[in-house]
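Subject: Structure for you, with notes

Hi there,

Here is the structure I promised to send over. Please open it alongside this message, and I will walk you through what turned up.

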Amino acid sequence: MRFGSIIVFVALCSFTAYYIYEPIPEEIEERWKLMLTNSFFRSLSHLADLSELLGLKDYMGVMYFITLAEKVVPVSDEHVKVTEEKFDGVEVVLYQPKQKDGNTELRRAVIYLHGGGWCLGSSRMSPYDLLARKIVTELDAVVLSVEYRLAPAHHFPVPYEDVYRVVKHFLHKGVLAQYSVDPGRIAVSGDSAGGNLAAAVSQQLQKEPGQQVQLKAQALIYPVLQALDLNTPSYQQNQDMPILPRTLMVRFWSEYFTSDRALFRAMMANTHNNPESSSLLKFVNWSAFLPETYRRKYNYSAPAVVQGVGGEAVGTEGPSRSLADPRASPLLVPDTDLRSLPKAYILTCEYDVLRDDGIMYVTRLRSAGVEVTHEHYDTGFHGGLMFTVWPTDFLIARRMTENYIKWLEENL
Ligand SMILES: *[C@@H]1O[C@H](CO)[C@@H](O)[C@H](O)[C@H]1NC(C)=O
Ligand SMILES: *[C@@H]1O[C@H](CO)[C@@H](O)[C@H](O)[C@H]1NC(C)=O
């Protein structure tokens, strides 16, 4: 009996060790902490798969637990006044510096878009709440954190359109005056899927001749920028990396467009391009846009082009059409559409499937003449900036936050 329990104990220990241990590169700092953190994400993802298989709750519904677990009620404190408002029908959390006596100077503003693959996340999660407060206190700026609606309940373009409506509403001179914001010093920013929305809305605004107030800057933190090639070198190198393995990113992309699993399967195989999107493959050609160090170990082959992806007829309004839409993939525009974009800050991480999306945008913006600050973290992993709250607080999150805010301080 005793022997039996020892066997069970050893088996349990080795199972746990096997489950937690992952071949994470040595260079990543706080490696064991990351493995432990990621084992939580992996367990939840397996649970979500199981739940969907059993027909209990769909995958994203279970994954949403991460968002719920970190949600807080944003409240005012000694330095920051926090209010929840609706801008053109869309929920926002507004952070304003508490008025200092006699201070009538106009302030800078940051419109912040949270990450979570368009399916998860909330402006009310504690890491975003903390980040907003830090920006307010360090820059004496107003932060507008947008609670856009999420997929799969609201597919593309709803999340994008919510963001667009908020930005358009905020950029009215009267609205800016109400919050003492300087119309010449407004940035849009976001991480991951939020970086995607920030890049997309920046492109849209500068195309509108009637738009009087324009953005001064865009700060994109490990942004998602294209859905056409899901086999870039960074997708290949980091397909099993913590926090955002390739399967999860592909899942986010497909859920953004449709709940039809055929698109997910096609995207996994990188065979989701149709004749309409294929003419745009040149804009995500990593053999042309990545520096040699990132591409040399890989041979370029253009993604396959197939008729009628996702079980739908070609030419209908649906995921095939969305694939080619720059509001979903901001990399898919010609250089002429990039030229007058606001100056950009782009953060990329070595151990991130999205690394090459960011680097390709750096290359393309620079060659179109846009001023770009590129900060690449050699030991960084996707989502790093979010890990500021105990017990999943990482040193790299602190460095990323400091550098990001420093850039805003100097450029906004
Ligand atoms: C990609 O770029 C390479 C040159 O770097 C070129 O030879 C190739 O034809 C391009 N392919 C596509 C699909 O644009
Ligand atoms: C790339 O192509 C070369 C020449 O055909 C080959 O020797 C090499 O193994 C290929 N590399 C990869 C990663 O497929």
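The notes below go through the ligand site, the aromatic residues, and then some loops.

One thing to keep in mind as you read: this is a predicted model.

**The ligand site**

Let me begin with ligand 1. Its surroundings are made up of Lys282, Asn285, Ser287, Ala288 and Tyr300. By type, that shell divides into 2 nonpolar residues, 2 polar and 1 charged. Asparagine 285 places a polar side-chain atom 2.3 Å from an oxygen atom of ligand 1. Serine 287 does likewise, with a polar side-chain atom 3.1 Å from an oxygen atom of the ligand. As for how much of the ligand is covered, the protein takes up 44% of the 360 Å² of accessible area that ligand 1 has on its own.

Lysine 282, which is part of that shell, also has a ring partner: its charged end sits over the ring of phenylalanine 283, 4.8 Å from the ring centre.

**Aromatic residues**

There is plenty to look at here, with 20 aromatic pairs in the structure. A pair of this kind is described by the distance of the ring centres and the angle of the planes. Two examples are worth pulling up on your screen.

Take tyrosine 112 and tyrosine 128, which form a tilted pair, 5.9 Å centre to centre with 45 degrees between the planes. Tyrosine 112 belongs to strand β3 (residues 107-113) and tyrosine 128 to helix α5 (residues 126-139), so their pairing ties together parts that lie 16 residues apart in sequence. Are these two tyrosines buried or exposed? Tyrosine 112 has a relative accessible area of 3%, under the 20% cut-off, so this residue is buried. Tyrosine 128 is buried as well, at 4% relative accessibility.

The other example is tryptophan 253 with phenylalanine 257, a stacked pair with 5.6 Å between the centres and 25 degrees between the planes. Both residues lie in helix α10 (residues 246-257), and because they are 4 residues apart there, about one helical turn separates them. Tryptophan 253 is buried with a relative accessible area of 0%, and phenylalanine 257 is buried with 6%.

You will also find an aromatic cluster formed by Phe40, Phe41, Phe381, Phe387 and Phe394. Phenylalanine 394 has a charged neighbour too: the charged end of lysine 33 sits over its ring, 5.5 Å from the centre.

**Loops to look at**

Several loop residues also caught my eye, so here they are in chain order.

- Aspartate 88 is in the loop between β1 (80-87) and β2 (90-97). Its phi is near 50 degrees, a positive value in a residue other than glycine. With a relative accessible area of 44%, aspartate 88 is partly exposed.
- Tryptophan 118 sits in the loop between β3 and α5. Here phi is near 65 degrees, again positive in a residue other than glycine. Tryptophan 118 is buried, at 0% relative accessibility.
- Proline 152 lies in the loop between β4 (142-146) and α6 (158-170). The peptide bond leading to it from alanine 151 is cis, with omega near 0 degrees.
- Proline 157 is also placed in the loop between β4 and α6. Its peptide bond from phenylalanine 156 is cis, with omega near 5 degrees.
- Asparagine 238 is located in the loop between α9 (233-237) and α10. Its relative accessibility of 0% counts as buried. The side chain of asparagine 238 is joined to that of glutamine 237 by a polar contact of 3.1 Å.
- Glycine 384 is in the loop between β8 (372-381) and β9 (388-389). Glycine 384 counts as buried, at 0% relative accessibility. Its C-alpha atom is separated by 7.7 Å from that of methionine 400, which is 16 residues away along the chain.

If you have just a few minutes, I would suggest opening the view at ligand 1, with Asn285 and Ser287 among the residues around it. After that, the tilted pair of tyrosine 112 and tyrosine 128 makes a nice next stop.

Happy to go through any of this with you over coffee.

Best wishes

Key
Residues are numbered from 1 along each chain as its sequence is written. Chains are lettered from A and ligands numbered from 1 in the order in which they are written. This is a predicted model: local features need pLDDT of at least 70, side-chain atom pairs count only at pLDDT 80 or more; totals for chains, interfaces and linings use all residues. Side-chain values use heavy atoms; hydrogens and water are left out. A residue is near a molecule or strand if one of its heavy atoms lies within 4 Å of it. A polar contact is a pair of N or O atoms within 3.5 Å; within protein, one must be able to donate a hydrogen and the other to accept it, and residues adjacent in sequence count only if both atoms are side-chain atoms. Accessible areas come from the Shrake-Rupley method with a 1.4 Å probe; for residues, only the protein chains shown count as cover. Ala, Val, Leu, Ile, Met, Phe, Trp, Tyr, Cys and Pro count as nonpolar, Asp, Glu, Lys and Arg as charged, and the others, Gly among them, as polar. Rings of Phe, Tyr and Trp (its six-membered ring) pair if their centres lie within 6.5 Å; planes under 30 degrees apart count as stacked, over 60 as edge-to-face and the rest as tilted. Helices (H or I, at least four residues) and strands (E, at least two) are DSSP runs, numbered from the N terminus. Buried means under 20% relative accessible area, exposed over 50%, partly exposed in between (1.4 Å probe, protein chains only). A charge sits over a ring if NZ of Lys or CZ of Arg is within 6 Å of the ring centre and within 35 degrees of the ring normal.
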